[in-house]
Amino acid sequence: MKLNICLLPGDGIGPEVMDQAVKVLEKTAGIFGFGLQTTTKLIGGAAIDATGGPLPEDTVAACKAADAVLLGAVGGPKWDEIDKAIRPERGLLGIRKALGLFANLRPATLFEELKHACLLRADIAAKGIDVLIVRELTGGAYFGEPRGEEVRGGERVAFNNMIYSEHEIERIARVGFEAARKRGKRLCSVDKANVLDVSQLWREVVIRVAKDYPDVELSHMYVDNAAMQLVRAPAQFDVIVTENLFGDILSDEASVITGSIGMLPSASLGASGPGLYEPIHGSAPDIAGKDLANPLATILSVAMMLRHSLDMPEAAASIEGAVKSVLKEDFRTGDIMQEGATQVGCVKMGDLVAERIAK
Ligand code: NAD
Ligand code: IPM
Ligand code: MN
């Protein structure tokens, strides 16, 4: 068997964390005996510089032809002033849309070894954090039409449209329920149904879908309260399902309570076709090119790829085990550094994980 993986390193620390993830993937392929063929394509600012646009057609074609896609990160100050229609971030949104990746799984887990890095009180950290955020990824304010800018009453106004159809809500709700069924059987749907029409429809549809999942306990929470509860008592959550923008914000919040945004992987999945795997963090321009980035979020995204798209749970578990070993041996990148630990750079962290992959 030969797996065809499309690599999209992107910008900033994207290529740095990608190199480490590929190193770990290659080592895993060797140990578990599967063939690997990788194709590297342009996206984001790197694509703008080379081709004038953030998502070249041959990138989309290569992703569609792949078994799975691995992405680093896009964006950076160099491209902040360009025409908004071709910003690097549009490349990422474009590939999500082109592949129909409506479900974004963002697991926030506090590793035992990183309890010190948790920003919460020790008694809260002691209860553990293991939340799966299921974020809708191809709808809401990110894609709603109409969007744009116009002049009203002599001044500029700009607008986006948070819009969801019943079928979009239903399919992401089902992903949430299915995920909860495989975990703690509790699903919390996060919305703003006390204010937004779109959230009222969201809640109605989620309640309707719940009838098919009597074994899963459904609760609802307003997003402002959810933001507060995530830091007050994160152990109360099992699976959270929410719309695109709320999920973007809550997952950054969840990441930092588990230690660092450099630790959180994600999987973006559609109804069929290749999935896309990426760390939830961005291109981190402040540390790019300095060998300071934490590659573990991208390495853990490779594990998610092996589990969700390639049906290789043992290989996935071996990567997760290797990450835990490295942390147990007190190796840390700067973002999760603690007194008495050994600080390593991005490349060394990749080496340490790769060395520990075993069957
Ligand atoms: P960011 O996630 O890039 O960085 C936020 C902070 O976290 C920075 O201090 C950074 O140094 C730190 N950080 C992020 N990843 C890290 C890692 N792996 N190891 C150690 N520290 C890490 O968010 P930002 O600064 O708001 O955005 C920078 C650029 O990235 C922007 O252009 C933004 O649009 C883009 N972005 C892209 C993605 C993506 O490609 N998926 C996600 C978020 C932001
Ligand atoms: C993420 C990022 C993206 C998003 C941006 C860069 C388009 O923040 O993957 O979380 O908002 O989805
Ligand atoms: Mn984000």
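Modeller: Quick bit of vocabulary before we start: Ala, Val, Leu, Ile, Met, Phe, Trp, Tyr, Cys and Pro count as nonpolar, Asp, Glu, Lys and Arg as charged, and the others, Gly among them, as polar. This is a predicted model, where local features need pLDDT of at least 70, side-chain atom pairs count only at pLDDT 80 or more, and totals for chains, interfaces and linings use all residues. Residues are numbered from 1 along each chain as its sequence is written, while chains are lettered from A and ligands numbered from 1 in the order in which they are written.

Biologist: How does the shell around ligand 1 divide up?

Modeller: Into eleven nonpolar, seven polar and four charged residues.

Biologist: Which residues are the closest to ligand 1?

Modeller: Of the 22 residues that surround ligand 1, the closest are Gly-75, Gly-262, His-281, Gly-282 and Asn-294. A residue is near a molecule if its C-beta atom, placed from the backbone, lies within 6 Å of it.

Biologist: Why is Arg-106 called buried?

Modeller: Buried takes 20 or more other C-beta atoms within 10 Å of a residue's own (12 or fewer is exposed, in between is partly exposed; C-beta atoms are placed from the backbone). Arg-106 has 24 C-beta neighbours inside 10 Å, so Arg-106 counts as buried.

Biologist: And what makes Arg-135 buried?

Modeller: Arg-135 has 29 C-beta neighbours inside 10 Å, so Arg-135 counts as buried.

Biologist: Which residues does Arg-106 touch?

Modeller: Not counting residues up to four places away in sequence, Arg-106 touches Ile-133, Arg-135, Ser-251, Leu-264, Ser-266 and Ile-280. Contact means C-beta atoms, placed from the backbone, within 7 Å.

Key
Two residues are in contact if their C-beta atoms, placed from the backbone, lie within 7 Å.
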